[in-house]
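Trainee: I should be grateful for a close look at a single part of this structure. Please take one sheet and describe how it is built and what surrounds it.

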Amino acid sequence: GGGGSWGGGGGGGARSSSAGASLSLMDSGPATGASLMDGGVETGSLAPPSAVVDPLGALGGGGGDMDGWGGDDDLINWDGPTGAGRVRIEARSLAGKKPPPKSPTKSGSASSASSDSSSSLPLSRETLSAFRLGLKTHATWTKLWTSEGTGSRRAASFWTPKMETSFTSRNRDRVCLGSYVVASLSDPSSGSAAKTQPSLVLELVDNKTWTMSASTHMQRVVDALFPHPVRYRQVWGHEWKHAAAYAWAPVPPPGFACVGMALTPSSEPPELESMRCVPEQWTCAPSFAPRLIWENGGAGGRPASAWIVNSLGTAHVVAGHEPPAASSVLDLKSPSYLLPEQILAPGSALAPALKGRAAMFQSVAEEQKSAFGGGGGGG
């Protein structure tokens, strides 16, 4: 029940479960392959030819990676030149198991057959030019923490935007770029905070789609322009008898940047999907000095403070009561400069975002290069 504080730890440890699962499959050895080839508990028996699904192209078809094996996780890479991994995977592809259902879009609509067939094709400049971005004041929030009962001499609360899609606005989507801090116990759109500090989120609109129709390309554009972080670093945390508050700095994939932080009410790292990053080309230095919203004087624990550092109003937490270094904070450029076709159109200088372990390893390498090669940057 006592209090405790932390600062500066790593947030990536909890993300190693996928690697562990892959190793357990590898360690299962030939027994796993035998059970699959013999029609073990998962399949019972091989399906008749008419029901065969061949996601890996084992029968000479187009193939794909619908059953989850591919890239760094392909057992071929782990089983050596004997090809045991290929035998096991091909046996699995013959089991007649249907491909997993496509995940529904945020609005819950199903993709059409035409969109499925073109999902792997690059989006044209004409298609992308229909998408435009703007900054919108957000109205619905999820409370993460308040200073009530902590002994803090300043009132404050942490919030994250609640992303919901209206049935009458299905051609648009909003993107969470971080959490928010308010100098009161009210949410960012209520009370004095609504008049004294910004609480903006990024909104993407498909202008070629009717407002009550789901955009065919929206999810692809959002995922390409605004990838999730690859991991988090814990910046600060403190626990009281009745509550806890933690701040996490997201680590973006190469070519992208983060303009906010993730705040949580527990020591559990936030979900990677809880926020998104933006193209580096769309960021700039803030036009104003950091504004102090809260410092934990009187609340106990290691000194910490929360600031607003950009035009969106996203929170930036630092250990100590000094403002964050200028090199550690970013703002978004004006929406008139945020043109998706300049980022995603064929021939763009920005490569697609790396994903999974490749993105995580690349981000670690860039951090080490910055730390030991003379590059600046705190936070």
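**The sheet β2-β7-β5 and its surroundings**

Mentor: In this predicted model, three strands form an open antiparallel sheet, arranged in the order β2-β7-β5. The edge positions belong to β2 (131–137) and β5, and because each of these has a single partner strand, one side of each is left without a neighbour in the sheet. From one strand to the next, the twist averages 30°.

The pairing of β5 with β7 can be followed in detail. Strand β7 covers residues 200–206 and runs antiparallel to β5, to which it is joined by four bridges. Within this pairing, Arg 172 stands opposite Val 205 of β7. The side chain of Arg 172 also meets that of Glu 203 in a salt bridge, with an N to O distance of 3.1 Å. Since Glu 203 lies in strand β7 and Arg 172 in strand β5, the pair ties together parts that are 31 residues apart in sequence. The two partners may be contrasted in their exposure: Glu 203 is buried, with a relative accessible area of 5%, whereas Arg 172 counts as partly exposed at 28%.

The other edge strand, β2, carries a salt bridge of its own. Arg 132 pairs with Glu 341, and their closest N and O atoms are 3.0 Å apart. This pair links distant parts of the chain, as Arg 132 belongs to strand β2 and Glu 341 to helix α8 (residues 340–344), with their positions 209 residues apart in sequence. Arg 132 is partly exposed, at 29% relative accessibility; Glu 341 is buried, at 8%.

A helix also lies against the sheet. Helix α7 (residues 218–225) lies across β2, β5 and β7, and runs at about 135° to β7. One of its residues takes part in a further salt bridge: the side chains of Asp 223 and Arg 276 meet at 3.2 Å, N to O. Asp 223 is in helix α7, while Arg 276 is in the loop between β11 (262–264) and β12 (278–279), so that distant parts of the chain, 53 residues apart, are linked. Here Arg 276 is the buried partner, with a relative accessible area of 13%, and Asp 223 is partly exposed at 37%. Returning to the sheet, salt bridges that share partners join Arg 172, Arg 174 and Glu 203 into one network. In general, side chains of opposite charge can pair when their charged atoms come close.

The loop that leads into β5 deserves a word as well. Arg 170 is found between β4 (157–161) and β5 (172–175) and counts as buried, at 18% relative accessibility. Its C-alpha is 7.0 Å from that of Ser 215, although the two residues are 45 positions apart in sequence.

For context, the protein chain has nine helices and 17 strands, and a search of the whole structure finds six salt bridges. Of its 379 residues, 40% are buried. Among contacts with a separation of 6 or more, 67% are between residues 24 or more positions apart.

Notes:
Residues are numbered from 1 along each chain as its sequence is written. This is a predicted model: local features need pLDDT of at least 70, side-chain atom pairs count only at pLDDT 80 or more; totals for chains, interfaces and linings use all residues. Side-chain values use heavy atoms; hydrogens and water are left out. Helices (H or I, at least four residues) and strands (E, at least two) are DSSP runs, numbered from the N terminus. Buried means under 20% relative accessible area, exposed over 50%, partly exposed in between (1.4 Å probe, protein chains only). Contact means heavy atoms within 4.5 Å. Two strands pair if DSSP finds at least two bridges between them. Axes are lines fitted to C-alpha atoms, for helices over the stretch in contact, and angles run from 0 to 180 degrees between N-to-C directions. A salt bridge is a side-chain nitrogen of Lys or Arg within 4 Å of a carboxyl oxygen of Asp or Glu.
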